[in-house]
Structure formats: C-alpha cells, structure tokens
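This report describes the surroundings of a ligand and one pair of aromatic rings. Please look at the structure below before reading on.

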Amino acid sequence: MPCYVTHLESAIDGTRLPADEPQTLHKDRPLVVRYDLDAVRKAVTRDELAERPATMWRYRELLPPRDERGIVSLGEQLTPVLRCRRLGERFELDALFIKDESRLPTGSFKSRGLAMAITMACQFGLRRVAIPTAGNAGGAMAVYAARAGIQAFVFMPADTPIINQLECRLAGARTFLVNGLITDCGRIVREGKEHLGWFDMSTLKEPYRIEGKKTMGLELAEQFGWRLPDVIVYPTGGGTGLIGMWKAFEELAALGWLADERRPRMVAVQSSGCAPIVRAFEAGARFAEPFAGAATIASGIRVPSAVGDFMILDAVRASGGRAIAVEEAKLRYWMALATSSEGIAVCPETAACVGAVEHLAVEGWIKRDERVVIFNTGAAQKYPEAMAIELPRLDKDAPIDWGKISGA
Ligand SMILES: *Cc1c(COP(=O)(O)O)cnc(C)c1O
C-alpha cells in the first residue's frame, strides 16, 4: 500500500515537519498532514473507490497509514445519509438530511478519529496513550487501544455521561473522574507525560485524528455524487470534525474530483451554555477567549477553549458559513422532536444543530430548496441523563384505563 503523505505542516505558520516520527504541536498550535495530491490523482480515480469495501479505509490514498496490515479497525462502515421529509416540512426545507454517525463503533463519529490516531500511534511503536475527554473520545480511544493491545489512560470531568464512564472502564482503560472541566483533564495529561511517558492524544495535539474525521467529508462527497450539499450543520467542540471535513473538500477540489466549484457553507453550532467559537465569530476575532462557566447537557461540545479555534473560524468564514449558539434549555425538546419525527435517535449535540436549522430557516439564511446536512455525531442511547424521561406506570392488578393509554 503506497503512502502519499509528504510532510506535516503547521496550521499557524506553515512550518514543515517530518511525518516519519510522532509529532504533537508546533508553537502550541496544531499540525496538518499534507499529501502528494498529483501522485494520488495518478494512482486512483474516484470511480475506482466505489468498488472497494464500504468502510472509511476505502479512501486510503488520502489517509496516513503506511502499512495496511497495521490498521486498527473495528469495521468503520460508511454511515447513511437519511432524507428527513417530516422534519424538513416542519422547517419548510425541501432537502434536509441527517448523516447518521451513531452507527459507528462506540456509537459516535469519534471512532473515525481515534481509529486513525491509534493506528498511527501503533505505526510509531507507541505503547501507552492518554486522553482528556468530554466523553465519546475517551470511549473510542479505549476500545481502539484495547483492539491494538496497548495501554490507555482516560481523564474525564466527574459529570461526564455515565455510559462514557462505563465504556472506557469496560474496555480496560485506566479511567479517572476529575472534579473540573476537560481543560483540567488536559493539564493532567500534559503533566503525566513526564511521569508516565504516555503519548498525549488530546484533540488536535496529534495530527492524525483530523485525517480520520476527514473521511466524513470524503464520504459525504461520494454519497452526494461529488456535488457537495449547500449547507453543513455541525456541532462544534474541539472542532476536528468541521476542520477535517473542510480539509477533505480542499483535497477533493485539488484532485479535481468535485463536480463543481461550490463548497458547503459550514455552520458551527454550539450551546448558549458553552459558545466560545460563536463569541469569537461574532466579535470578528481569529482566536477564541476561554468560555467561563461552561455548562451544557451536550457534553461533546462542552469545550471552553479549543487549541484549533482559529482553524474552525477560518473554515467557517472561508465557506461563507456561520457560528451560531442555540438555547441550552431547548436541547431536550429538539432531541425529542428529531427522534420522534424521523426515528433517528439524535444526541444532544445534534439536537443543537436541529435548533440551529430551525433558526436559520426562519431567518431565511437557509433557503427552502437548499440541500442541508445535519450530522448526528452520536447515539441518543449514550445520554440517558439528557433524556429525563419518566414513563407512566400501570398496575397489573387494577382495571386498565384505556383513555390514559390512548393519550387522546
Ligand atoms: C466530540 C463530539 C462533538 C464535537 O466534535 P468536534 O469535532 O470535537 O468539534 C460533537 N458531538 C459529539 C457526540 C461528540 O462526541
């Protein structure tokens, strides 16, 4: 399997670094992977891809692993793009879609990034990895580390959803609850490097997670017949998903694989309970100030400060998109609305996107005939705390009240 990676490039100043050894940040900012796209263009056509197995590894010429046999995988299948007629009707949109990432291993899109990051860690011979997590990234890292037979350490805020706590432990990761935010967990991982010699897998602190997330964009392009949708609505925490997709579109454009020049307007969605990127966007700033008192049930986007803030904001602005915060108090409502309208069990992060689409459609920023894709980044089933549902009880010995059952 030939590899087309040429080097790593600093996102902040373009400095080139070698890709044949483990790398982290440059000037405290992320690195991105660069490829010889001319060689990729000669090596494969987009039609050839369609013949390959339906997993994220079908885009291998645009991915970093050097040896196919070293890929750490749990079968990351392509995720469906589902047309949402009922929800679309409600928002007066004719072409609303949800790309359902909850089908991936561990029930969230985090498996794309961590499958790639663990694959690359193993390629470099690393045997011990650590991660600060809002929840799903820890779960994903734990299972891929288990799959690879390497040691994992996970640090999460004490109020992380219980399923995330349990899945990490179940997969054998040494898992700890921290009485703070993800940024406090990040400090522990940073300090622990010296004491325990682990590799820091924090969001964007190693360059390969973006490449895994990038496959969302590659897949979406292929699924839309290489004609990208008009608007992508994405719940934004650390930003790897949005940055990765934008990178995918750049690379596809450079390869000449896209049907036309148009790129989607990228909408970065946050909750009013934690909206550092939205504040920076509105202030016209390139970097975001840490968001004080971050609180949201959408734990995946409870990220008060992101090392890749400028990459998110650059992509959103270059795309003609928006960063928008929606009301924290309405997340449960949108979660139930989307799930009961379409049967797709959306996570609270995606519920925020449903709210954003509602706002942007009413505002007229999204036009009725535009093709809009919301990403369901995780399964609702991972968030029992966010559902707050209590079911009515029936007494088996009492006469049944059929009126109560019919709900009429
Ligand atoms: C991590 C996460 C997000 C945020 O993704 P980023 O790419 O880090 O911005 C959104 N939704 C869910 C369910 C997540 O786990």
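Which polar backbone atom is 2.7 Å from an oxygen atom of the ligand? The backbone atom belongs to G237. The model is predicted: local features need pLDDT of at least 70 and side-chain atom pairs pLDDT 80 or more, while totals for chains, interfaces and linings use all residues. Residues are numbered from 1 along each chain as its sequence is written, and side-chain values use heavy atoms, with hydrogens and water left out.

The table lists polar contacts of the ligand (pairs of N or O atoms within 3.5 Å).

| Ligand atom | Protein partner | Distance |
|---|---|---|
| oxygen | N or O atom in the side chain of N136 | 2.9 Å |
| oxygen | polar backbone atom of G237 | 2.7 Å |
| nitrogen | N or O atom in the side chain of T377 | 2.7 Å |

On its own the ligand has 380 Å² of accessible area (Shrake-Rupley method, 1.4 Å probe), and the protein covers 97% of this area.

Around the ligand are 15 residues (a heavy atom within 4 Å). Those that come nearest are K110, G237, G239, G241 and T377. By class, the shell holds four nonpolar, nine polar and two charged residues, with Gly counted as polar.

Elsewhere, the model has eleven aromatic pairs (ring centres of Phe, Tyr or Trp within 6.5 Å). One of them joins F97 and F224, with 5.2 Å centre to centre and 80° between the planes. This pair is edge-to-face (planes over 60 degrees apart). Because F97 lies in strand 5 and F224 in the loop between helix 8 and strand 10, the pair ties together parts that are 127 residues apart in sequence.

Conventions: Polar contact = N/O pair within 3.5 Å; in protein donor to acceptor, adjacent residues only side chain to side chain. Phe/Tyr/Trp six-rings, centres within 6.5 Å; stacked < 30°, edge-to-face > 60°. Helix = DSSP H or I, 4+ residues; strand = E, 2+ residues; numbered from the N terminus.
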